Amino acid sequence: MLIFFILLGIATGVPLCFLFEVSLPCRIAIGAGLSLGGFVGWLFLYILGLFIFSLFVSKEKPHTKDHPFVRFLIAETMELVCRLGGVKLCVEGLEKMPKGRFLLVSNHRSMFDPITALVAFKKHPVAFVTKPENLRIPLVGGIMRYCCFLPIDRSNPRGAIRAINSAAELIKTDTVSVGIYPEGTRNKGEGVLLPFHAGVLMIAQKANVPIVAMTAENTEKVAKNFPFRRTTVRLTVCDVIPPEEVMASRTDDLSARLYLVMENQLKNTYGKDNQA
């Protein structure tokens, strides 16, 4: 999408530069400036369009239908955000991904976790369970709702159960896969995990689907490095628990297994990065 906006900028700026009766070097300079202005202008109009679209998304009830074109548009937009934010995305372990729907379990480092995941899993549409306040963010909240993102308030047991049932229903109806952050909040530690909330794993049991364990690394560094340094973000699919094992296990046991696998992945990678 970045290339698309660059081409739009050039298509806007180059013809306009011929309106000026100046020397060729000046014309080239004017064309470059107009092309840059066109790029910024088209990008602004696109973001404005998304904002207006988000205003019409219902905030009263969760969306239960995924729209392929909007999903494509959002994935491309998130990739644009990554490129403009200086993110180099490295994804490992996609060959382990199961066919069909699944529950994605990941550690949580920053707001770039779901952004990079939406880019990485273009072929595997995922809707995340998130804090209610995230769905009230202007522009972003409306788009998340439209992509079937669900709010969960862990301080409200009944509300949390409703969110778990709704997430399982999205999977069972083959609408989208669901992603969760079982730590419950952002983790600022390096190579470590916060305790998991095992209850959210009931989503996989209620939907009878595999659990995909993924680790996200360096997403918390994107904002710190921008705009002068690029950030290499690594997403690793480190384990897949098949549905028969999910159904035969207690959520506490599943949580312990996922925690161990993800912790080992983070420690191994973090150790290598420190040695490099």
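**Notes on helix α3 and the two main pockets**

1. In α3, the buried residues are Val-70, Arg-71, Ile-74, Ala-75, Glu-76, Thr-77, Met-78, Leu-80 and Cys-82. Bear in mind while reading that this is a predicted model. As for what sits over those buried α3 residues, the cover includes three helices from earlier and later in the chain, α1 (2-17), α2 (24-55) and α4 (112-120). It also includes the strands β1 (87-92) and β3 (126-130), plus α5 (140-146).

2. How far apart should the ends of α3 be, at 1.5 Å a residue? The helix runs over residues 68-84, which makes 17 residues, so the expected span is 24 Å. The end C-alpha atoms are in fact 24 Å apart in the model, so the two values agree. After α3 comes Gly-86, and its phi is positive, near 75 degrees.

3. On to the pockets. The largest one holds about 1,000 Å³ of space. It is lined by 40 residues, and those closest to its centre are Met-111, Pro-114, Ile-115, Val-140 and Met-144. Two or more lining residues come from each of α2, α3, α4, β3, α5 and α8 (222-225). Which element gives the most to this lining? That is α3, with six residues. So-called covering elements turn up again here: α2, α4, β3 and α5 are on the list of contributors, and they are also among those covering the buried residues of α3.

4. If you care about the chemistry of that lining, the split is 29 nonpolar, eight polar and three charged residues.

5. The second largest pocket has a volume of about 340 Å³. There are 17 residues in its lining, with Pro-62, Pro-151, Ile-152, Gly-159 and Ala-163 closest to the centre. Both β4 (150-151) and α6 (157-172) supply at least two lining residues, and α6 has the largest share, with five. By class, the lining of this second pocket comes out as seven nonpolar, three polar and seven charged residues.

6. One last residue, away from the pocket discussion: Lys-267, which sits in helix α10 (residues 251-275). Is Lys-267 buried, exposed or partly exposed? Its relative accessible area is 43%, and because that falls between the 20% and 50% cut-offs, Lys-267 counts as partly exposed. Val-237 is 30 residues away from Lys-267 along the chain, and the C-alpha atoms of the two are separated by 15 Å.

Technical notes:
Residues numbered from 1 in each chain as written. Predicted model: local features only at pLDDT ≥ 70, side-chain atom pairs only at ≥ 80, totals over all residues. Heavy atoms only, no water. Helix = DSSP H or I, 4+ residues; strand = E, 2+ residues; numbered from the N terminus. Expected span 1.5 Å × (residues − 1). Buried < 20%, exposed > 50% of the residue type's maximum accessible area, 1.4 Å probe, protein only. Contact = heavy atoms within 4.5 Å. 1 Å grid on protein atoms, 1.4 Å probe; cavity = no way out; pocket = protein on both sides within 12 Å on 5 of 7 lines; lining within 4 Å. Points joined across faces, edges and corners; volume = space filled by probe spheres on them. Nonpolar A, V, L, I, M, F, W, Y, C, P; charged D, E, K, R; others polar.
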